[in-house]
Amino acid sequence: MNDIFSPGFREFSSQLLTAFCKGTEHNVVDKSEVIHLFEKFVDNNFETIQKYAYVDPTKNYTRNLILENEHFSLMVLCWNPYAKSCIHAHGGSQCWLRVLKGQVKECLWDCDPYKESKINTPPHRVSFANPNDVLYIDDNKGVHCIENLENPTITLHCYAPPYKSSKCFDASTGAEFIGSSIFDSESLLLKNPNLSPFEEIYGGDEVMEDAGCGCDDYGKDCSCGH
Ligand SMILES: N[C@@H](CS(=O)O)C(=O)O
Ligand SMILES: [Fe+2]
C-alpha cells in the first residue's frame, strides 16, 4: 500500500477489501456493511479525505481517485455549483456515494440500462442527499444522474468492482452513448492542469446548512426517510 495513506485509510481499505472479498457467490456485497464502514471512516478521517478534493472550475465535476484495486475503487468527486452528471449506468458495479459537504440531487430511472436505447421520460424518483447521507445504486436498481445545487459539493464514492466505462444517455435527446470514467487526479498526482484544492476555490470548513429534503418535487418516494 502506498505511503501517502494515513493509518485511517489503510484500516478502511483493508476492511473494504475484507467485505468485498467475502461477497456472495454472485460477488454482491452487503450494502449496509459498506455503509457502516463509510460512516466510521468518514467520521474519523474527514480532513484526510478533504486533501484529495481538487477542483477544475471549468468542468461539471472533478474526479479524484484515492485508491483502486481489482475489488473496488474509492474516489472523491467535487461538484461545481449547478454541475450535473449525464444519465448513466454503472458498468455492472455496486456504487456507494456519501455526501461530505454540500448537497446533491439524484434523479433515478427504474429501468434496465441494457434494454433501453433511449431515456427521455422524467425520472421515476428524485431524492436529495445531505452531509452524511449515503446513496446506493447498481444496474439492477436502474440508472441515475447526480445534480449539484448552488453549494459547491464534495462526495465520496466507492465502486465495486471498479469500472472504466458505462452506458450513458444524453440528457436532451435521451440517446445512448458510452462514457469513459477519467480521473483528474490519481492518489494525489494531478493529471489535469486546471486543478486547485477545493478549499482554495470555495473556502474552508464552514458548516454547510442542511438544505432539507426536497422529496415533494415529484411527489414520489424519498430516500431521506420523510
Ligand atoms: N458515477 C459517476 C458519479 S455520479 O453521478 O454517480 C462517476 O463515477 O463519475
Ligand atoms: Fe453514478
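**Entry 1: two histidines.** I started with H90 and H144, and both turn out to be buried. I'm noting here that this is a predicted model.

**Entry 2: the iron.** Next I looked up what holds the iron ion (ligand 2). The NE2 atoms of H88, H90 and H144 coordinate the iron ion, at 2.1 to 2.2 Å. Along the chain I wrote the spacing of these donors down as H-x1-H-x53-H. H90 is in the loop between β4 (87-88) and β5 (94-101), while H144 belongs to strand β9 (residues 143-148), so this pair ties together parts that lie 54 residues apart in sequence.

**Entry 3: ligand 1, polar contacts.** Which side chain has an N or O atom 2.6 Å from an oxygen atom of ligand 1? I found that it is Y61. Then I checked the iron-binding histidines H88 and H90. A nitrogen atom of ligand 1 is 3.1 Å from a side-chain N or O atom of H88. For the side chain of H90, I get 3.5 Å from an N or O atom to a nitrogen atom of ligand 1. I also looked up how covered the ligand is: ligand 1 exposes 280 Å² when taken alone, and the protein buries 96% of that.

**Entry 4: where ligand 1 sits.** I find ligand 1 in the largest pocket. The elements giving two or more residues to the shell around ligand 1 are β2 (61-68), β3 (73-79), β9 and β10 (153-160). I listed some of the residues around ligand 1, among them R63, L77, W79, I146, H157 and Y159. H88, H90 and H144 are in that shell too, and I had already met these three at the iron ion.

Key:
Residues are numbered from 1 along each chain as its sequence is written. Chains are lettered from A and ligands numbered from 1 in the order in which they are written. This is a predicted model: local features need pLDDT of at least 70, side-chain atom pairs count only at pLDDT 80 or more; totals for chains, interfaces and linings use all residues. Side-chain values use heavy atoms; hydrogens and water are left out. Donors are N, O and S atoms within 2.8 Å of the metal (3.2 Å for Na, K and Ca); water is not among the atoms, so sites may look incomplete. Helices (H or I, at least four residues) and strands (E, at least two) are DSSP runs, numbered from the N terminus. Buried means under 20% relative accessible area, exposed over 50%, partly exposed in between (1.4 Å probe, protein chains only). A residue is near a molecule or strand if one of its heavy atoms lies within 4 Å of it. A polar contact is a pair of N or O atoms within 3.5 Å; within protein, one must be able to donate a hydrogen and the other to accept it, and residues adjacent in sequence count only if both atoms are side-chain atoms. Accessible areas come from the Shrake-Rupley method with a 1.4 Å probe; for residues, only the protein chains shown count as cover. On a 1 Å grid over the protein atoms alone, a cavity is a set of points where a 1.4 Å probe fits but cannot get out, and a pocket is an open set with protein on both sides within 12 Å along at least five of seven lines; lining residues have an atom within 4 Å of a point. A molecule sits in a cavity or pocket if more than half of its atoms lie within 2 Å of its grid points.
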